[in-house]
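Biologist: Could you walk me through this one while I have it open? I would like to go piece by piece.
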Amino acid sequence: MISIGSVIKKLRTVNNISQKEISEKLGISCQTISKWENNKTYPDISMLPEIAAFFHVTIDALFQENIKDSNDIIMDINKDYFEKNSAGWNQSVSGSWEGTTLPAYGPYSPDEDELKLFGNMTDKTILELACGDGKSLIYQAEQGAKELYGLDISEKRIENAKKNFAERHINGKFFVSPMEINPGIPFHYFDCVYSIYGIGWSLDINKVFYLVSRYLKANGTFIFSWDNPLLPCLENQDGRYILSQSYEEEKMFCINKFGMQMNLRNWKISSYINALVDNGMEIEKMVETSAHYDRNAEYSEKYYSEHKAGFINHSLIIKARKRC
């Protein structure tokens, strides 16, 4: 236990967290935390899981005196998944797939021209998670955004983003990293953080939203879109859509994409909402609406289809704001 107080202080300092913020979360006094950090007393062993969860690290990490930053730590169980997903997305650049980019939010969903979730972006500083080839950031530049940052797990897609920016003489800063790690992105800096059809690739949604909250200025906005979590639970059967998998389990599953095996977890809507609230954000708007489809479309066994859009919205869109 000798070094745990100094580790707590280091984690608190690098994450710009006050003793008061920790005390309120753990239900203890600031004086108690001060005593820990000065090695006058030590946390009760029963509190270690809660302390580790607060900083998004393992309990073992609380005993590492040489720890640099909680945002550099990934659970070992996820490292293999990240490597496979990175390889898969690198492979995607060799095909014709372009993905979803602004002003679109997702298949058969309202777009930004209709929703106007971003509002006036003139002179705004923005960060996109899972930015891919940077085309949504280019859209933001066209709307007048001042500073553009992008993060993606794929080195190849970030290379394409830089090329796309250079061709249009746009300046931007890019990082190759999973969303669960801060690769050097400044805290308390952004007017808006967003992710267009990328957030669902997170393997630790609570840590991602924790970082988003740190990246944002007070009153900054966070906007993201992703598959309706019910979609992966449905299958086609005799012209009908059948609930064939558990929505409750949030299990990890493997998909074959771009000829590669890739992994993701199907988060429930409540998990997104609770993670936002737990990390200091308030939900301003949630969109669960189908749009841009033919109501008379014929039944199709495709994952996304016009016919299916008449039964269930394909995309979940959420706008939240960081509490002051």
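Biologist: Which residues of helix H3 are buried?
Modeller: Keeping in mind that this is a predicted model, the buried residues of helix H3, which spans residues 30-37, are Ile33, Trp36 and Glu37. They cover an arc of only 95° around the axis, so they sit on the same side of H3.

Biologist: And what do the buried residues of H3 pack against?
Modeller: They pack against three helices, namely helix H1 (4-14), helix H2 (19-26) and helix H4 (48-55). Just after H3 comes Asn39, whose phi is positive, near 55°.

Biologist: Switching to the sheet, what is the order of its seven strands?
Modeller: The order is S3-S2-S1-S4-S5-S11-S10, in an open sheet with mixed pairing. Strand S3 (173-176) and strand S10 (281-287) are the edge strands, each pairing on one side only, and the twist from one strand to the next averages 15°.

Biologist: How many bridges join S2 to S3?
Modeller: Four bridges join strand S2 (residues 147-152) to S3, and the two run parallel; Leu151 stands opposite Phe175 in S3.

Biologist: Which strands does H9 lie across?
Modeller: H9 lies across strand S1 (125-129), strand S4 (190-196), strand S5 (216-227), S10 and strand S11 (315-322), and runs at about 145° to S5. Helix H10 (residues 269-278) also packs on the sheet, where it touches S5, S10 and S11, and its direction makes about 150° with that of S10.

Biologist: OK, now the largest nonpolar core: which residues touch the most other members?
Modeller: Ile199, Phe209 and Phe222 do, out of the 54 residues in that core, and helix H9 (residues 205-215) supplies the largest share of this core, seven residues. There is also a second, separate core of 23 residues, which includes Leu102, Leu117, Ile138 and Ala161.

Biologist: What is Phe222 in contact with, beyond its neighbours within four places in sequence?
Modeller: Its contacts include Val193, Tyr194, Ile199, Phe209, Val212 and Leu216, and also Leu276, Met281 and Ile318.

Biologist: One last residue: is Asn164 buried or exposed?
Modeller: Asn164, which lies in helix H8 (residues 155-167), counts as buried because its relative accessibility is 14%, and the cut-off for buried is under 20%.

Biologist: And what does the side chain of Asn164 reach?
Modeller: The side chain of Asn164 reaches the backbone oxygen of Asp133 at 2.9 Å. Leaving out residues up to four places away in sequence, Asn164 touches Asp133, Lys135 and Ile138, and Ile138 is one of the members of the second core mentioned above.

How values were computed
Residues are numbered from 1 along each chain as its sequence is written. This is a predicted model: local features need pLDDT of at least 70, side-chain atom pairs count only at pLDDT 80 or more; totals for chains, interfaces and linings use all residues. Side-chain values use heavy atoms; hydrogens and water are left out. Buried means under 20% relative accessible area, exposed over 50%, partly exposed in between (1.4 Å probe, protein chains only). A polar contact is a pair of N or O atoms within 3.5 Å; within protein, one must be able to donate a hydrogen and the other to accept it, and residues adjacent in sequence count only if both atoms are side-chain atoms. Contact means heavy atoms within 4.5 Å. The arc is that of the directions from the helix axis to the C-beta atoms. A nonpolar core is a set of buried Ala, Val, Leu, Ile, Met, Phe, Trp, Tyr and Cys residues joined through side-chain atoms within 4.5 Å. Two strands pair if DSSP finds at least two bridges between them. Axes are lines fitted to C-alpha atoms, for helices over the stretch in contact, and angles run from 0 to 180 degrees between N-to-C directions.
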